[in-house]
Amino acid sequence: QVQLVESGGGLVQAGGSLRLSCAASGRTFSRYVMGWFRQAPGKEREFVASITRSGGSAYYADSVKGRFTISRDNAKNTMYLQMNSLKPEDTAVYYCAAEWPSPGRYDFWGQGTQVTVSS
């Protein structure tokens with residue numbers, strides 16, 4: 001299995017930027033499709049973005065398209081989420097996850113990092 005640890009969350013004003021990191025250990029990081037998810041208070045967890053094993057393709061939720069960029073560095077066993085033009089509605093706990101054992105199923109999760117965007 002793989003262990004995941006997020007970092008980089010914090011408090012930022014609307015319009016600002018943050019960069020989240022997800023450090024992986026355990027099994028070979030490059031074998032996993034990786035994703036970012038978020039959960040706001042009182043809401044269900046939702047998909048934010050995902051990236052293929054090589055990093056060659058990425059997919060985004062409509063709500064973040066054009067503002068967020070997902071990337072990965074397999075040599076460093078790390079995935080990133082660059083978040084620009086942040087909005088108050090982006091406030092949530094952000095989780096990284098590894099897709100396993102089948103497409104669309106994420107069985108490995110980090111503990112989450114809080115992102116708060118003030119208006």
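Two residues are in contact here when heavy atoms of one lie within 4.5 Å of heavy atoms of the other. The model on screen is a predicted one, and the tour below starts from a loop residue to which that definition applies.

**Ser 57**

Select Ser 57, in the loop between β5 (46-51) and β6 (58-60). Once its neighbours within four places in sequence are set aside, Ser 57 is in contact with Ser 50, Ile 51 and Thr 52. With a relative accessible area of 31%, Ser 57 is partly exposed, because that class runs between the limits of 20% and 50%. Keep Ser 57 displayed and add Trp 109, a residue to which the tour returns: the two are 52 residues apart in sequence, and their C-alpha atoms are 21 Å apart in space.

**The whole chain**

Now zoom out and colour by secondary structure. The protein has 0 helices and 11 strands, so that the order of elements from the N terminus on reads β-β-β-β-β-β-β-β-β-β-β. The radius of gyration is 13 Å, close to the 14 Å that the globule rule gives for 119 residues, and the protein is therefore as compact as a globular protein of that length. If you orient the C-alpha trace along its principal axes, the spans to expect are about 40 × 25 × 25 Å.

Switching to a surface view, you are looking at about 6,100 Å² of exposed area, of which carbon and sulfur atoms supply 46%. Of the 119 residues, 43% count as buried. Among the contacts between residues at least 6 apart in sequence, 53% join residues at least 24 apart. Colouring by charge should bring up 13 positive and 9 negative side chains, and the centres of these two sets lie 5 Å apart.

**The N terminus**

Go next to Gln 1, which is found in the segment before β1 (2-7). Is this residue, Gln 1, buried or exposed? Its relative accessibility is 56%, so Gln 1 counts as exposed. Apart from neighbours within four places in sequence, the residues in contact with Gln 1 are Ser 25, Gly 26, Arg 27, Tyr 32 and Phe 108. Phe 108 deserves a distance label, since the C-alpha atoms of Gln 1 and Phe 108 are separated by 7.6 Å although the two residues are 107 apart along the chain.

**The aromatic rings**

Show the side chains of Phe, Tyr and Trp. A pair of aromatic rings is described by the distance of the centres and the angle of the planes. For this model the count comes to 7 aromatic pairs. In one of them, Tyr 95 with Trp 109, the ring centres are 6.4 Å apart and the planes stand at 80°, so the pair is edge-to-face. This pair links distant parts of the chain, with Tyr 95 in strand β9 (residues 92-99) and Trp 109 in strand β10 (residues 106-109), 14 residues apart.

The two partners fall into separate accessibility classes: Tyr 95, at 18% relative accessibility, counts as buried, whereas Trp 109, at 27%, is partly exposed. Trp 109 also forms an aromatic pair with Tyr 106, which is tilted, with 6.3 Å from centre to centre and 55° between the planes. Tyr 106 has a relative accessible area of 14% and is buried. To see the wider arrangement, select Phe 37, Phe 47, Tyr 95, Tyr 106 and Trp 109 together, which ring pairs link into a cluster.

**Backbone details in the loops**

From the aromatic cluster, move to the loop between β9 and β10, where Pro 101 is found. Where is there a cis peptide bond? The bond from Trp 100 to Pro 101 is cis, with omega near 5°.

Then select Asn 77, which lies in the loop between β7 (68-73) and β8 (78-83). Phi of Asn 77 is near 55°, a positive value in a residue other than glycine. Asn 77 counts as partly exposed, at 30% relative accessibility.

The last stop is Ser 85, in the loop between β8 and β9. Ser 85 is not a glycine either, yet has a positive phi of about 50°. At 41% relative accessibility, Ser 85 counts as partly exposed.

Definitions and conventions:
Residues are numbered from 1 along each chain as its sequence is written. This is a predicted model: local features need pLDDT of at least 70, side-chain atom pairs count only at pLDDT 80 or more; totals for chains, interfaces and linings use all residues. Side-chain values use heavy atoms; hydrogens and water are left out. Helices (H or I, at least four residues) and strands (E, at least two) are DSSP runs, numbered from the N terminus. The radius of gyration is taken over C-alpha atoms; the globule rule is 2.2 Å times the number of residues to the power 0.38. Buried means under 20% relative accessible area, exposed over 50%, partly exposed in between (1.4 Å probe, protein chains only). Accessible areas come from the Shrake-Rupley method with a 1.4 Å probe; for residues, only the protein chains shown count as cover. Lys and Arg count as positive and Asp and Glu as negative; His and the chain ends are not counted. The place of a charge is taken as NZ of Lys, CZ of Arg, CG of Asp or CD of Glu. Rings of Phe, Tyr and Trp (its six-membered ring) pair if their centres lie within 6.5 Å; planes under 30 degrees apart count as stacked, over 60 as edge-to-face and the rest as tilted.
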